[in-house]
Amino acid sequence: MGKVYQLSDAIAKFVKSGDHIAFGGFTTNRKPYAAAYEILRQGQKDFIVEAGPAGGDWDMLIGAGRVKAYINCYTANSGFTNVARRFRKAIEKGEMLFEDYSQDGSILMFHAASLGLPYVPVRFMLGSGLQDEWGISEEERKKIDKLPNEKFIIQDNPFNPGEKIMLLPVPKLDTAIIHVQIASPDGTCRILGDEFHDVDIAVAAKHTIVTCEELVSNEEIRRDPNLNTIPGFVVDAVVHAPYGAHPSQCYDYYDYDRDFLKEYDKASKTDEDFNKFLDEWAYGVKSHEEYLNKLGAVRLINNKVVPGLGFHRDMTKEGK
Amino acid sequence: MDYTKSEMQAATIAHMIGPGQVVIVGTGLPLVGAIMAKKSVQPSCTLIVESGLMDFNPTEIPRSVSDLRSMAHCAEALPPYRYLGFQANELLKGSKRLIGFIGGAAVDPYGNVSATCIGDYYHPKVRFPGSGGANGIASFVNTIIIMPHEKRRFVSSMSYMTSPGWVGESGRAGTGLPENRGPLAVVSDLGVMRFDERTHRMYLAGYYPSGSPEEVQANTGFDIDVSRAAVLPEPDEDEIRLIKKIDPNRIYLLK
């Protein structure tokens, strides 16, 4: 069975309500937005979310009421919205179960999952609010079979008695969704620039969906295997979705869309404006292709990375 | 000479970076200060960020720790777990070259920082993005804390400590955290605070020429010893010019 899917088919087949799910990317960089919009359109909900360094991707799904339990370490469109506004509101109003780990914790939990380790012993989070407070109590955790009963366990280091260590549980992810620059029909992926935690969640999850800027042949991607980052056999679906990380950045391809991120910052301030934003950009378009057409060709071209700089700058204004 | 408080703060930050130091820096004024150090006052330093970008030296100021402005101008783009391993190994090796800049919503007299919420954790008055990498940095690395100098931010106690400082008067003993790491200083828009070696309590070490020790006490929500305070040096014209050039659109420098 082939792995190349239309976005809507991939999401319908591999994303279920109630899934324990993680997205790749880092705040405003290489976030799988096209997939997030498609989930919004299709209606899946009740997610147990391992958010990692999140941004507008999870903020939109929180705002649309799709999250049952949110495992947070950081949620912001850094430099545009310094605290994701729907995330903040959902916690301040008591509308969502949430847990806090340090980012170090989340990253190591993803990596341990990819290595098949049973838990991660660490020496941070000790002596802080991250140790003292459990966003999701043991009682509440027992009602959610996707979450371990304990946020962590503190023990003596068996090799160094007297040294306190914190054991972090390893998530058992149902679904990982990542956006990469280049993939081939058999699922082989090439991530350019920093991989973040994307490889870890792709390897660890039961199902992995990859959206890509470019779908190249299996032969072409094998011409230099040193550049490849994920083997095809851990990938379930490959979706060709150019600009699928918009409005976040994509190394070697495009910069963040400042105006769009500013528009989201403003729109996410109130329920009314947020819902209007979703009506316009998620529910009001049928597909990723329609979203791109709505954005417009020139707008996308004007975000292209300039060779040598690695980000966008209007070169027609240089050297005048 | 014409300069703003935040330009003074950025210059002060740049001068706190020592030769050969490896500097963990996120966004905000520390990033302006660290770029200034790299480009001018301390070029032997190395800048790294928690997303995994090692030895970066951007030509345009980044808005986030994962920004292409750092990623396309670094020596290596490592997966974040390698950054974590590096941070932990510096501690295990006893190396003292690592220094980390962290911020937050509030700081207490022992340099503990809150970056998660104000008020009750479960029903907060104000919720913030969460720890990010700051808890790990505060746990393993000597830190410099950046904080706007306001009474509501320099607080006598906090409901939720995200990033541990010296914890309390007896320091970090009993917490499980390394006892020989902790906050070195707090840099605000009024001056530089350090921590008493014996009591671990914050005191005013230096204030900017535009202000005074009295102004620092008036904007601090607890009693602070100002008897050891000295006036800090002004940045020179070249330094101010460089700072303005690093952040020309004033993303982080206040207008």
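Which residue in β8(A) is the bridge partner of A:Y119? Hi everyone, let's find out together. We are looking at a predicted model, where local features need pLDDT of at least 70, side-chain atom pairs count only at pLDDT 80 or more, and totals for chains, interfaces and linings use all residues. Residues are numbered from 1 along each chain as its sequence is written, chains are lettered from A and ligands numbered from 1 in written order, and side-chain values use heavy atoms, leaving out hydrogens and water.

The partner is A:P169. Strands here are DSSP E runs of at least two residues, and helices are H or I runs of at least four, numbered from the N terminus. Two strands pair if DSSP finds at least two bridges between them; β6(A) and β8 (residues 160-169) of chain A have 4, and run antiparallel.

Now zoom out a little. These strands belong to an open, antiparallel sheet of 3 strands, in the order β6-β8-β7 (chain A). Because β6 (119-122) and β7 (153-157) of chain A are at the edges with a single partner strand each, one side of each has no neighbour in the sheet. Helix α5 (residues 103-115) of chain A lies across β6 and β8 of chain A, in contact meaning heavy atoms within 4.5 Å.

Next, A:W58. Leaving aside residues up to four places away in sequence, A:W58 touches several residues, including A:I21, A:F47 and A:Y70.

Finally, a look at both chains: α2 (29-41) and α7 (237-246) of chain B each give at least two residues to the lining of the second largest pocket. The largest share of that lining, 3 residues, comes from α7(B). A pocket is an open set of points on a 1 Å grid over the protein atoms alone, where a 1.4 Å probe fits, with protein on both sides within 12 Å along at least five of seven lines; lining residues have an atom within 4 Å of a point.

Definitions and conventions:
Axes fitted to C-alpha atoms, helices over the stretch in contact; angles between N-to-C directions.
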